[in-house]
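Please open the model in the viewer and keep the sequence panel visible. The stops below are to be selected in the order given.

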Amino acid sequence: LVFVRGGLVPDLGLGGHFTYGAKAAVGALTGREMVLTSLGCGVGGAIVGTMFHKTLRFLKSVIWQAKSSSSTNKEKYTAIAKKILIAMAIGLLSTMYPQTMFWGEGSLQCVVDGQCTPFSGTPHAIPAMMTQFARVDPNLPFASGMAALQVGLAKFMAIVLASAGGFPGGVIFPLLSNGASLSHALISALGPVMPLASSSLVPPLMVMSFMAALLTSITRTPLATVLILALSASGMTPLSALLPGVLMASYVSVWVSNRLSSKSFFSYSE
């Protein structure tokens with residue numbers, strides 16, 4: 001794809017969509033900081049990912065009964081009614097937290113940088129009418145760790161409900177978005193110790209590592225996840241400093257996830 005893009009648009013700069021961290025980093029990232037960040041985000045992502053697929057399994061067992069060999073009209077109408085109720089629940093959630101209305105790559109940068117990029121500045125801008133009841137303004141940076149946590153939990157429930165309801169669409173980029181918002185809550189919680197870090201690259205490392213750890217705990221594909229994040233990162237992202245820690249967090253997440261649960265999301269996707 002890079003060769004095709006370079007041939008079709010030779011003057012277009014290479015690089016992905018998303019920028020992690022400031023344009024100019026302050027200080028060098030140390031090995032100790034990388035290891036501690038990777039271990040913490042790897043374990044945290046594994047816990048959240050395990051909670052995700054176990055919650056999904058529970059909801060599916062409650063919502064959907066075992067299918068009979070020949071479904072009746074009543075069963076079909078009941079299934080439709082259940083889907084409508086789930087869709088209404090997701091819609092109500094999106095009224096309070098518009099960040100759950102996710103459009104993929106075009107708006108992921110908003111949560112990667114803690115909403116420093118407003119949703120109104122993306123190609124899929126949200127009309128003001130759709131944000132008037134928002135508990136956390138999607139066009140302003142996260143005011144606190146609690147604001148980021150609220151968005152993360154709302155996004156978590158939106159993905160779980162959509163998956164349990166059997167609605168079409170994947171989970172990869174929504175889960176990356178979920179991991180980014182939760183990572184900002186973690187960064188805020190560790191605010192008192194952040195000034196002790198030797199480099200301004202610690203927060204972006206936490207964001208990228210938690211995104212990778214959450215996704216790999218569910219897909220169990222650490223290398224592919226890191227490649228997605230690396231190839232979608234912009235040319236301004238210091239990948240040489242971030243990728244080793246992100247790769248470590250991904251494999252730690254898989255290792256911890258396998259010990260927390262022998263099953264994964266795809267075991268419950270039928």
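Select Ile84 to begin: at 46% relative accessibility, Ile84 counts as partly exposed, a class that lies between buried (under 20% relative accessible area) and exposed (over 50%), with a 1.4 Å probe and protein chains only. Ile84 is placed in helix H3, residues 73-96; helices (H or I, at least four residues) and strands (E, at least two) are DSSP runs, numbered from the N terminus. The model is predicted, so local features need pLDDT of at least 70 and side-chain atom pairs count only at pLDDT 80 or more, whereas totals for chains, interfaces and linings use all residues. Residues are numbered from 1 along each chain as its sequence is written, and side-chain values use heavy atoms, with hydrogens and water left out.

**The surface of H3**

Extend the selection to Tyr77, Ile80, Leu85 and Met88. Together with Ile84, these residues form a nonpolar patch on the surface, with about 570 Å² of accessible area. Patches are made of residues with over 30% relative accessible area and no salt bridge; like charges are joined within 9 Å, and nonpolar side chains (Val, Leu, Ile, Met, Phe, Trp, Tyr) within 5 Å. A salt bridge is a side-chain nitrogen of Lys or Arg within 4 Å of a carboxyl oxygen of Asp or Glu. Accessible areas come from the Shrake-Rupley method with a 1.4 Å probe, and for residues only the protein chains shown count as cover.

Now isolate Leu85, also placed in helix H3. Leu85 counts as exposed, at 56% relative accessibility. Add Gly165, which is 80 residues away along the chain; the two C-alpha atoms are separated by 9.4 Å.

**The loop between H4 and H5**

Move to Ala134, in the loop between H4 and H5. Is Ala134 buried or partly exposed? Ala134 counts as partly exposed, at 23% relative accessibility. Ala134 touches Thr95, Met96 and Pro98, leaving out residues up to four places away in sequence; contact means heavy atoms within 4.5 Å. The C-alpha atoms of Ala134 and Gln99 are 9.1 Å apart, with these positions 35 residues apart along the chain.

Next select Gln115, in the loop that runs between helix H4 (105-112) and helix H5 (145-164). Gln115 counts as buried, at 0% relative accessibility. Its phi is near 65°, a positive value in a residue other than glycine.

**Leu175 in H6**

Proceed to Leu175 in helix H6. Leu175 is buried, with a relative accessible area of 0%. Which residues are in contact with Leu175, its neighbours within four places in sequence aside? They are Phe52, Ile159, Leu214, Leu215 and Ile218. The C-alpha atoms of Leu175 and Ile159, 16 residues apart along the chain, are separated by 7.8 Å.

**H7 against H9**

Display H7 (residues 202-219) and H9 (residues 239-260) as cartoons. Two packed helices are described by the angle between their axes and the distance between the axes. Here the axes come within 8 Å and cross at roughly 35°; axes are lines fitted to C-alpha atoms, for helices over the stretch in contact, and angles run from 0 to 180 degrees between N-to-C directions. H7 passes H9 in a right-handed crossing, meaning that the near helix is turned clockwise from the far one by less than a right angle.

Show the side chains where the two helices meet: on H7 they include Leu205, Met208, Ala212 and Thr216, and on H9 they include Leu242, Val246, Ala249 and Ser253. Centre the view on Ser253, which is buried, with a relative accessible area of 0%. Residues up to four places away in sequence aside, Ser253 touches Ala213, Thr216 and Ser217, as well as Gly42, Gly45 and Ala46.

**H8 and its cover**

Between H7 and helix H8 (222-232), select the loop residue Arg220. The phi of Arg220 is near 60°, again a positive value in a residue other than glycine. In H8 itself, select the buried residues Pro222, Thr225, Val226, Leu229, Ala230 and Ser232. Their cover includes helix H6 (172-189), H7 and H9.

**The whole chain**

Finally, zoom out. The protein chain has nine helices and zero strands. Of its 270 residues, 44% count as buried. The accessible surface comes to about 13900 Å², of which 69% belongs to carbon and sulfur atoms. Among contacts between residues at least 6 apart in sequence, 76% join residues at least 24 apart.
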